[in-house]
Amino acid sequence: MFGVDMHNARATGAARLEDPWYDALASGWGEADDTDSGPRRARPPAAREVYTEVHGSAAFQEVRRRYRRFAFPAAAAFLIWYLAYVVAATTAPDLMARPVVGALNVAMVAGLAQFATTFLLAWAYARHARLRRDRVALELRWVTQEMMRGRGR
């Protein structure tokens with residue numbers, strides 16, 4: 001109902017739609033479309049061509065290498081830690097039932113340590129991404145966008 005009322009008001013000139021994107025050209029973010037009489041620009045490359053070029057670039061390979069150097073060892077270490085907890089809980093119940101402090105036993109402390117290591121791993125991943133990958137990935141994204149617009153190579 002709101003859309004109908006706004007449409008009728010807009011047609012009569014009684015109201016102005018305050019959406020900054022409403023009048024944007026459908027050809028893309030306010031750029032002129034191909035119907036104007038000006039000189040024609042070269043068509044931007046297809047997404048497949050850009051993807052293939054970026055995928056083979058040294059910058060993209062560097063971002064992937066930095067990701068793998070952190071993610072694979074961290075995931076393996078966390079998986080081993082988790083499996084060690086499960087195996088200890090099933091094969092060494094006497095060890096896991098040993099009291100540590102008051103009512104807390106080894107199993108409870110190890111279980112809480114699982115949560116702590118999860119948050120620690122998330123923090124370490126975010127820090128690694130911020131310090132080692134984000135800047136290179138952002139520059140690569142900028143280059144990719146420029147390539148899609150047909151301006152860079």
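How many residues apart in helix H3 are Glu62 and Arg65, and by about how much of a helical turn are Glu62 and Arg65 separated? The points below take up this question and then the remainder of the structure, which is a predicted model.

1. **Glu62 and Arg65.** The two residues lie three apart in helix H3 (residues 58-91), so that about one helical turn separates them. Their side chains meet in a salt bridge, with an N to O distance of 2.5 Å. Glu62 is partly exposed, its relative accessible area being 23%. Arg65 is likewise partly exposed, with a relative accessible area of 35%.

2. **Glu62 and Arg66.** Glu62 also forms a salt bridge with Arg66, and here the closest N and O atoms are 2.7 Å apart. The spacing in helix H3 is four residues, which again means a separation of about one helical turn. Arg66 has a relative accessible area of 27% and is therefore partly exposed. Taken together, Glu62, Arg65 and Arg66 are linked in a network of salt bridges.

3. **Salt bridges in the whole structure.** A search of the whole structure finds three salt bridges. Besides the pairs in helix H3, Arg149 forms a salt bridge with Glu146, the closest N and O atoms being 3.4 Å apart. The partners differ in accessibility class: Arg149 is partly exposed at 40% relative accessibility, whereas Glu146 is buried at 16%. The assignment of Glu146 follows because buried means under 20% relative accessible area. In general terms, side chains of opposite charge can pair when their charged atoms come close.

4. **Overall architecture.** The chain contains five helices and two strands. Read from the N terminus, the order of elements is α-α-α-α-β-β-α. Of the 153 residues in the chain, 15% are buried. Among contacts between residues at least 6 apart in sequence, 59% join residues at least 24 apart.

5. **Annotated transmembrane regions.** An unreviewed UniProt entry lists residues 70-88 and 100-125 under "transmembrane region". In the model, residues 70-88 are 100% helix and 0% strand, with the end C-alpha atoms 27 Å apart. Residues 100-125 are 77% helix and 15% strand, and the end C-alpha atoms of this span lie 31 Å apart.

6. **Packing of H2 with H5.** Two packed helices are described by the angle between their axes and the distance between the axes. The axes of helix H2 (residues 47-55) and helix H5 (residues 106-148) come within 10 Å and cross at roughly 150 degrees. The crossing of H2 past H5 is right-handed. On the H2 side the contact involves Ala47, Val50, Glu53 and Val54, which meet Leu140, Thr144, Met147 and Met148 of H5. By class, the residues of this contact comprise six nonpolar, one polar and one charged.

7. **Gln114 in helix H5.** Is Gln114 buried or exposed? Gln114, placed in helix H5, is buried, with a relative accessible area of 9%. Leaving aside residues up to four places away in sequence, Gln114 touches Phe78, Trp81, Tyr82 and Tyr85.

8. **Thr118 and Phe78.** Thr118 is also found in helix H5. At 38% relative accessibility, Thr118 counts as partly exposed. Thr118 and Phe78 are 40 residues apart in sequence, while their C-alpha atoms are 8.2 Å apart in space. Phe78 is one of the residues that Gln114 touches.

9. **Val86 and Ala107.** Val86 has its place in helix H3 and is partly exposed, at 33% relative accessibility. Along the chain, Val86 and Ala107 are 21 residues apart, and their C-alpha atoms are separated by 9.8 Å.

Terms used
Residues are numbered from 1 along each chain as its sequence is written. This is a predicted model: local features need pLDDT of at least 70, side-chain atom pairs count only at pLDDT 80 or more; totals for chains, interfaces and linings use all residues. Side-chain values use heavy atoms; hydrogens and water are left out. A salt bridge is a side-chain nitrogen of Lys or Arg within 4 Å of a carboxyl oxygen of Asp or Glu. Buried means under 20% relative accessible area, exposed over 50%, partly exposed in between (1.4 Å probe, protein chains only). UniProt positions are given in the numbering used here, feature names are shortened, and annotations may be inferred rather than shown by experiment. Axes are lines fitted to C-alpha atoms, for helices over the stretch in contact, and angles run from 0 to 180 degrees between N-to-C directions. A crossing is left-handed if the near helix is turned anticlockwise from the far one by less than a right angle, and right-handed if clockwise. Contact means heavy atoms within 4.5 Å. Ala, Val, Leu, Ile, Met, Phe, Trp, Tyr, Cys and Pro count as nonpolar, Asp, Glu, Lys and Arg as charged, and the others, Gly among them, as polar.
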